[in-house]
Each structure stands twice: as C-alpha cells, then as structure tokens.
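Student: I would like to learn how to read the features of a structure like this one. Could we take them one at a time?

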Amino acid sequence: MFETFDRLEQTWIGQTIRESLWLFPGIEAVHLLGLAMLGGSVLVVDLRLLGAGLTRATVPAVLSSARPWFLGSLVLMFSTGIPLFLSEAIKCYYNTSFWVKMSALAIGIVFTFGVRNRIAMRRDAPRWATALVGAISLMVWFTVAAAGRWIGFS
Amino acid sequence: MRSFVEWLDTHAWSTALHESLWMYPLIESTHVLTVMLFVGMLAMVDLRLVGLAFRNVAVSHLTGRLLPWSVAGFVIMIATGVLLFYAIPVRTYESVWFRVKVVLLIAGGINAWWFHRRVQRDRTFWDNHPKPPTAVRVAGGVSLAIWAGVIVCGRMIAYNWFDCDRDPSPFVMWMAGCVVEASM
C-alpha cells in the first residue's frame with residue numbers, strides 16, 4: 001500500500017503542483033467552490049426528505065433538479081481533489097483524517113446512488129424511511145467535508 | 001482603523017485564540033463548512049433565478065423556503081469570521097485578499113438589496129416562469145460570481161505571498177496599507 005502512495009507522490013502532476021507556488025492554492029480554491037455547490041445540491045434534497053425546504057415540490061422533482069448540479073460538483077471535486085492528493089500522497093498516507101474522509105466518501109457515494117436516490121424517487125416510500133435516509137445522507141456528507149478540512153490541520 | 005486593529009492585537013484573548021490547539025481550528029472549520037449551508041442554499045436560489053434549476057418551482061417558494069437556511073448560515077459565517085479576524089487582526093487587516101473579500105461582501109450585500117427592493121417588485125409576473133426576465137437572471141448570475149469570489153479570496157488569506165513583511169510591489173503595499181518603517 002505504501003509503495004503505491006510513494007509512486008503516486010512521484011507522478012509529474014504531483015511534482016508540478018509541489019514546485020508551483022500558485023497551483024496548490026488555486027486548485028484548493030476551486031475545490032472549495034465545488035464544496036459549496038455539493039453542499040447546496042445535497043442539502044436541498046436532504047431537507048426535502050426530512051420534510052423541510054421545498055415542500056411544495058415533490059421529492060422526485062427536487063431530486064431531478066438538483067441531481068445534475070450534484071453530479072457536476074462531484075466531477076469538480078474529483079478533478080481537483082485527485083491532483084491535490086497526488087501532490088501530497090505520502091502525507092495523506094499517514095493522515096487519519098484522509099482515511100476517514102475516503103471511507104466516508106465511499107459510503108456517501110454508494111449510499112446516495114444505491115439507497116437515498118432510489119428511495120427518493122419512489123412515491124410510496126413511508127415518511128420515516130425518507131426522513132431516515134435524508135438524515136444519514138446529511139451526516140455522511142458532513143463527515144466527508146469535515147474530515148477533508150481536517151487533513152490540512154494534522 | 002489601524003490603531004483599532006493594533007489595539008485588538010494587544011488583547012490576551014486574541015493571542016490565546018490564535019495559539020489555541022483546538023479552538024482556532026474548530027472555528028476555522030466551522031467557518032469553512034458553513035459555506036455548504038450559506039453559499040450552497042443561496043446558489044440553489046441563484047440557479048433558479050438564472051433559470052438553470054428548479055424551473056418548475058415558483059421563485060417565491062425557493063426564496064421563502066431556502067433563504068432562511070442561507071441566512072442562518074450567514075449568521076454563523078459572520079460570527080466565526082469575526083472571531084478569526086480577532087485572533088489574527090493586524091495580518092488580516094493588511095491582507096490584500098481580505099480587503100478584496102470585504103469589498104466583494106459589500107457588493108454582495110448591494111446586489112441582494114437591489115434584488116429584493118427593485119428586481120422583485122414585479123415578481124407576480126414571472127414567479128412561475130421557468131426562465132425569469134433578464135434583470136432577474138443578471139442578479140442571480142452576479143450573486144453567484146460575487147460569492148465565488150468571496151470563497152476564493154477567503155481561502156487565499158491563509159497564504160502569505162503578499163504579506164507586508166515579504167516586500168511586495170508598491171501597488172500591493174498600497175493596497176494592503178503596509179506601514180513602511182524608516183530605516184536608520
């Protein structure tokens with residue numbers, strides 16, 4: 001495992017970012033813009049699942065409208081997050097927050113597409129189920145964001 | 001203004017907060033993560049104004065049901081932001097990024113005021129329209145651009161490229177209000 005991270009640290013992308021004064025902060029800033037968009041597109045659906053927010057629209061309608069923005073911000077997060085990771089792969093290897101974030105991210109993606117969105121699209125889903133799914137989604141994505149911020153402190 | 005900031009810097013609490021092991025990172029993280037609530041909810045409303053999302057939902061429903069969440073986030077942003085400034089007053093005051101960020105915050109406020117006072121006056125005509133009139137779409141687009149700028153500037157405050165003690169260009173010195181100490 002460590003050897004893989006060591007090799008990832010040596011890629012030209014990682015090296016270019018490390019040698020540049022501006023690249024890391026610039027990419028990081030775009031990563032933050034993605035965070036705002038990801039937060040909005042997740043929250044608007046989860047709030048609706050919990051019975052708040054856009055209650056005059058149906059859950060499937062809210063999800064359908066938010067989904068392209070969620071997918072777009074996910075693409076933006078990956079395309080900025082991977083270069084950031086490549087520039088400090090070894091630091092990440094020894095960083096607990098990084099592993100917490102990656103685990104929560106994997107859970108978040110599987111849960112969102114496998115469970116949450118499926119339940120949200122069903123018109124006959126019981127209220128307790130939609131509320132539970134909304135609450136879990138909020139917690140998982142919050143963990144991803146919080147652990148991500150904490151990578152920088154340790 | 002400078003003397004006020006330097007006075008803040010003499011506070012024992014300011015130093016304690018800056019040097020604290022947990023409080024500063026916690027406040028900083030809260031400030032960053034609240035961007036999801038504040039800008040995230042605002043962006044959903046702005047995208048509706050531009051005509052790019054929730055096209056079948058009335059604009060008034062989005063502003064009525066999502067903006068309160070955004071405002072709650074804004075309150076947390078201001079509270080944590082003031083504390084972060086209090087912890088590192090002089091350096092932040094002399095940061096070019098911080099100064100641009102403040103200007104953008106004011107611009108964001110004016111844009112919001114303009115939208116609520118003038119643009120929204122004839123809302124009954126376009127409330128349910130998937131693609132609102134140009135003035136509304138411009139207000140939404142300007143809001144998205146301004147808050148994106150605020151996020152970028154906020155992130156950049158942490159970096160020291162333009163700090164006064166790094167001998168920046170005369171333009172940056174002037175922008176940041178650096179004090180040039182006379183050498184003997």
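Student: What volume does the second largest cavity have?

Tutor: This is a predicted model, and every volume here is computed from it. The second largest cavity has a volume of about 30 Å³.

Student: Which residues line the second largest cavity?

Tutor: A lining is read as a list of residues, chain letter included. Here the list is B:Arg91, B:Ser95, B:Val96, B:Trp97, B:Met156, B:Ile157, B:Tyr159, B:Phe162 and B:Asp163. Sorted by class, the lining of this cavity has 6 nonpolar residues, 1 polar and 2 charged.

Student: How many cavities of 30 Å³ or more are there?

Tutor: The count is 2 cavities at that cut-off. The largest cavity holds about 40 Å³ of space.

Student: Which residues line the largest cavity?

Tutor: Its lining is made of A:Ser41, A:Val45, A:Leu63, A:Ala66, A:Arg67, A:Phe70, A:Thr112, A:Arg116 and A:Asn117. By class, 4 of the lining residues are nonpolar, 3 are polar and 2 are charged.

Student: Which helices supply the lining of the largest cavity?

Tutor: To find out, match the residue numbers to the helix ranges. In chain A, helix 3 (23–49), helix 4 (59–87) and helix 6 (96–121) each give at least two residues to the lining of the largest cavity. Helix 4 of chain A has the largest share, with 4 residues.

Student: Now the pockets. What is the volume of the second largest pocket?

Tutor: The second largest pocket has a volume of about 340 Å³. It is lined by 19 residues, and the closest to its centre are B:Leu42, B:Leu67, B:Ala112, B:His116 and B:Trp147. The classes in this lining are 11 nonpolar, 7 polar and 1 charged.

Student: Which helix gives the most to the lining of the second largest pocket?

Tutor: That is helix 7 of chain B, with 6 residues. Among the helices of chain B, helix 4 (35–50), helix 5 (59–87), helix 7 (96–117) and helix 9 (134–156) each supply at least two residues of that lining.

Student: How many helices and strands does each chain have?

Tutor: Elements are read in order from the N terminus. Chain A has 7 helices and 0 strands, giving the pattern α-α-α-α-α-α-α. Chain B has 10 helices and 0 strands, and its elements run α-α-α-α-α-α-α-α-α-α.

Student: What do the chains span along their principal axes?

Tutor: Three lengths describe the C-alpha trace of a chain. For chain A they are about 55 × 30 × 25 Å, and for chain B about 70 × 35 × 25 Å.

Student: How many residues does each chain bring to the contact?

Tutor: Chain B brings 35 residues and chain A brings 35 residues. Together the two chains bury about 3,100 Å², with 80% of that area on carbon and sulfur atoms.

Student: How many salt bridges are there between chain B and chain A?

Tutor: There are 2 salt bridges between the chains. One salt bridge joins the side chains of B:Glu28 and A:Arg149, with an N to O distance of 2.7 Å.

Student: Last, the confidence values. What is the mean pLDDT of chain B?

Tutor: The mean for chain B is 93, and 98% of its residues reach 70 or more. For the model, ipTM is 0.94 and pTM is 0.94.

Methods
Residues are numbered from 1 along each chain as its sequence is written. Chains are lettered from A and ligands numbered from 1 in the order in which they are written. Side-chain values use heavy atoms; hydrogens and water are left out. pLDDT is the predictor's confidence in each residue, from 0 to 100. On a 1 Å grid over the protein atoms alone, a cavity is a set of points where a 1.4 Å probe fits but cannot get out, and a pocket is an open set with protein on both sides within 12 Å along at least five of seven lines; lining residues have an atom within 4 Å of a point. Grid points are joined across faces, edges and corners, and a volume is the space filled by probe spheres set on the points. Ala, Val, Leu, Ile, Met, Phe, Trp, Tyr, Cys and Pro count as nonpolar, Asp, Glu, Lys and Arg as charged, and the others, Gly among them, as polar. Contact means heavy atoms within 4.5 Å. Buried area is the accessible area (1.4 Å probe) that two parts lose on being put together, summed over both. A salt bridge is a side-chain nitrogen of Lys or Arg within 4 Å of a carboxyl oxygen of Asp or Glu.
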